Amino acid sequence: MDDTDYIIIGAGSAGCVLANRLTENGRHRVTLLEAGGSDRRFFIHLPLGYGKLFYDPAVNWLYKTEPDPGLAGSRDHWPRGKVLGGSSSINAMVWIRGHRADYDDWGREAPGWGWDDCLSAYRQIEDNEAGADPFRGKGGPLFISANRRGLHPLVTNYIDACAQAGLPPNPDFNGAEQEGAGIYQMTIKGARRNSTARAFLRPAMGRPNLRVLTHAHATRILFDGTRATGVEYRRGGQTHILRARAEVILCGGAINSPQLLQLSGIGPGALLQGLGLPVLHDNPNVGAHLNDHQGINYTWEMTVPTYNDELRPWWGKLIAGMKYLLAGTGPLAKSINHGGGFFRTSPDLDRPNMQLYMQAFSTLIPREGERPVLDPDPWSGLSLGLSNCRPTSRGHIRITSPDPMAHPAITANAFSTDHDVQEMLAAVKFLRHIAAQPAMARLIKRELRPGPEVTTDEALIADFRARSGTVYHPSCTARMGRDPATSVLDADCRVRGTTGLRVIDASSFPNLIAGNTNAPAILMGWMGAERVLRGTGQGASLG
């Protein structure tokens, strides 16, 4: 099959959804290219196994940022999925949509993407274990665990401590209100990770009009004038050409999609010319507006057992393994983030600007080449983490070579605005406020990180600059928007200055959502497919 109707580049959170929806009616031939391989790996499907995937080059792009002054000069590690399911195959599986006002912001930038539109789509996507209501969906293709059973007992203490600190319980962060403390819903089904490869791609792979090519690395988009006509890709040591009769759709994510656009002549003109690449369309916004959440953990030694006590000793691992294999229960059957929440660092804010993560667990002792989720510290540890929901710092993605196999330069610019520094300072103080409440304080032996000696504002800022890092939510690098001067895509995800080309993934977000970004990336695939299917891309794009 040397040609196809639609080419989808990237079998990640959005790409798997697109492949399913575009082939559902049987009228379109679709080819899905994935640079990585199969997701049939034990640690992908084991919910707590994602720590083993954190540095695994078989399933992970293993990106590094440029040295970041905002993070004390460190090069932050950015894992991204290089496998069927993309980052939904290696993430922590938390299902958060974001605040409704975030989507109203989207709707102002991209008509048709407001809260009412997106809520309707989410309810179609979901098969929520908690059942249907005005906010949750039931009967959709993606099962969402309510995560109500088998939680660590310290979750109750955490929620009580938050209430004592002024943050009330919230039974559903995806419901009427986001603010509060509670339990995270998870993309876990039957004690196995419920990635987009499992929920959307596998059901579609039996269709005769879908072809999935793994280990197929897209190197360049092909054009006839300004119309996208196909893709050049490498597979098995050879270069191949695939033609698209209808459209080429990029679903590579916030790093790979702008990288491929730039390699194909769409991006900052001076940058491309300097690398000897022909400029098809000069748009400085390609790779710009990089937005990401930055997070940090505070850690305590507890006087009561945590998951460290279960998972550290060999016999504890054996018991946990038996629980999982025989009954699908125990710590291996869940993400480590049992509890969480959203809060405001100032009562003057109209919505939460910080997200919480509660882990009955700690990993302060590093292990080379691994995030030691399955090998925690040799003491009873508990971590409370947070990340900023609406940072004002912006970075960018830029290729540094015409070689498509070379990683692009990622400049995160974390904490590069005083706004972000001051709200993070207020937020880390709230972590200690939670820990000081009776429900938690009576169980704490001592603070381990950053330690009780870190008290002044200057010391707290220096600490979070030294210890913070991405929470793996890069977005907005090929953003939708009304204004061609500040965006890459129109409201139908079409690349301005071209025809027959779209970007549908987290890079398309007009603005960063408050919360984990896997749900809105899946939403992009779902709603983006509707725009493709209704034929909005047959004429010239706006701008």
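# A guided tour of a predicted model

Begin by selecting strand 11 and strand 12, which form a hairpin with 2 residues between them, and look in the turn for Gly-225, whose phi is positive at about 70 degrees. Keep in mind throughout that what you have open is a predicted model. Strand 11 covers residues 217-224 and strand 12 covers residues 227-235, and the two pair in the antiparallel sense over 7 bridges. To see one facing pair, select Phe-223 together with Ala-228 in strand 12, since these two residues stand opposite each other.

**Leu-213 and its contacts**

Now select Leu-213, which is found in strand 10, a strand made of residues 210-213. Is Leu-213 buried or exposed? Its relative accessible area is 7%, and because buried means under 20%, Leu-213 counts as buried. If you set aside its neighbours within four places in sequence, the residues in contact with Leu-213 are Thr-31, Leu-32, Leu-33, Glu-34, Tyr-233 and Arg-235. For a sense of scale, draw a line from the C-alpha of Leu-213 to the C-alpha of Gln-355: these residues are 142 residues apart in sequence and 38 Å apart in space.

**Strand 1 and its partners**

Thr-31, one of the contacts of Leu-213, also leads to the next stop, as it is the bridge partner in strand 2 of Ile-7. Select strand 1 (residues 3-9) and strand 2 (residues 30-33), which run parallel and are joined by 4 bridges. Then add strand 13 (residues 238-250), which also runs parallel to strand 1 and is joined to it by 6 bridges; here you can find Ile-9 standing opposite Leu-250 in strand 13. Of the 7 residues of strand 1, 6 are buried, so strand 1 is largely enclosed by the rest of the structure. Finally, show helix 1 (residues 13-23) as well, and follow the path from strand 1 through helix 1 to strand 2, which together make a right-handed β-α-β unit.

**Helix 4 with two other helices**

Two packed helices are described by the angle between their axes and the distance between the axes. Select helix 3 (residues 100-109) and helix 4, whose axes come within 8 Å and cross at roughly 120 degrees. On the side of helix 3 the contact is made by Arg-100, Tyr-103 and Asp-104, and on the side of helix 4 by Trp-115, Cys-118 and Tyr-122. Sorted by class, this contact of helix 3 with helix 4 has 4 nonpolar, no polar and 2 charged residues.

Keep helix 4 (residues 115-125) selected and add helix 14 (residues 518-533), where the axes come within 10 Å and cross at roughly 100 degrees. That angle makes helix 4 roughly perpendicular to helix 14, because angles of 65 to 115 degrees are counted in that way. From helix 4, the residues to display are Asp-117, Cys-118, Ala-121, Tyr-122, Gln-124 and Ile-125, which meet Ala-519, Pro-520, Ile-522, Leu-523, Trp-526, Met-527 and Glu-530 in helix 14. The residues of this contact divide into 10 nonpolar, 1 polar and 2 charged.

**His-152 and helix 5**

Next, select His-152 in the loop between strand 6 (142-144) and helix 5 (154-164). His-152 has 8% relative accessibility and therefore counts as buried. Which residues are in contact with His-152, leaving aside its neighbours within four places in sequence? They are Pro-305, Thr-306, Tyr-307, His-338 and Ala-360. Moving along into helix 5, colour Leu-154, Val-155, Asn-157, Tyr-158, Ile-159, Ala-161 and Cys-162, which are buried. Helix 5 is followed by Gly-166, a residue with a positive phi near 100 degrees.

**Backbone details in three loops**

The last stops concern the backbone. In the loop between strand 21 (409-411) and helix 11 (418-435), select Phe-415, a residue other than glycine whose phi is nevertheless positive, near 50 degrees. Phe-415 is buried, with a relative accessible area of 4%.

Move on to the loop between strand 22 (444-449) and helix 13 (457-467), where Pro-450 is found. The peptide bond joining Arg-449 and Pro-450 is cis, with omega at about 5 degrees.

End at Cys-493, in the loop between strand 23 (469-470) and strand 24 (501-503). Cys-493 is not a glycine, yet its phi is positive, at about 70 degrees, and at 0% relative accessibility Cys-493 counts as buried.

Notes. Residues are numbered from 1 along each chain as its sequence is written. This is a predicted model: local features need pLDDT of at least 70, side-chain atom pairs count only at pLDDT 80 or more; totals for chains, interfaces and linings use all residues. Side-chain values use heavy atoms; hydrogens and water are left out. Axes are lines fitted to C-alpha atoms, for helices over the stretch in contact, and angles run from 0 to 180 degrees between N-to-C directions. Angles under 35 degrees count as roughly parallel, over 145 as roughly antiparallel, 65 to 115 as roughly perpendicular and the rest as oblique. Contact means heavy atoms within 4.5 Å. Ala, Val, Leu, Ile, Met, Phe, Trp, Tyr, Cys and Pro count as nonpolar, Asp, Glu, Lys and Arg as charged, and the others, Gly among them, as polar. Buried means under 20% relative accessible area, exposed over 50%, partly exposed in between (1.4 Å probe, protein chains only). Two strands pair if DSSP finds at least two bridges between them. A crossover is right-handed if, with the strands pointing away from the viewer, the path from the first strand over the helix to the second runs clockwise.
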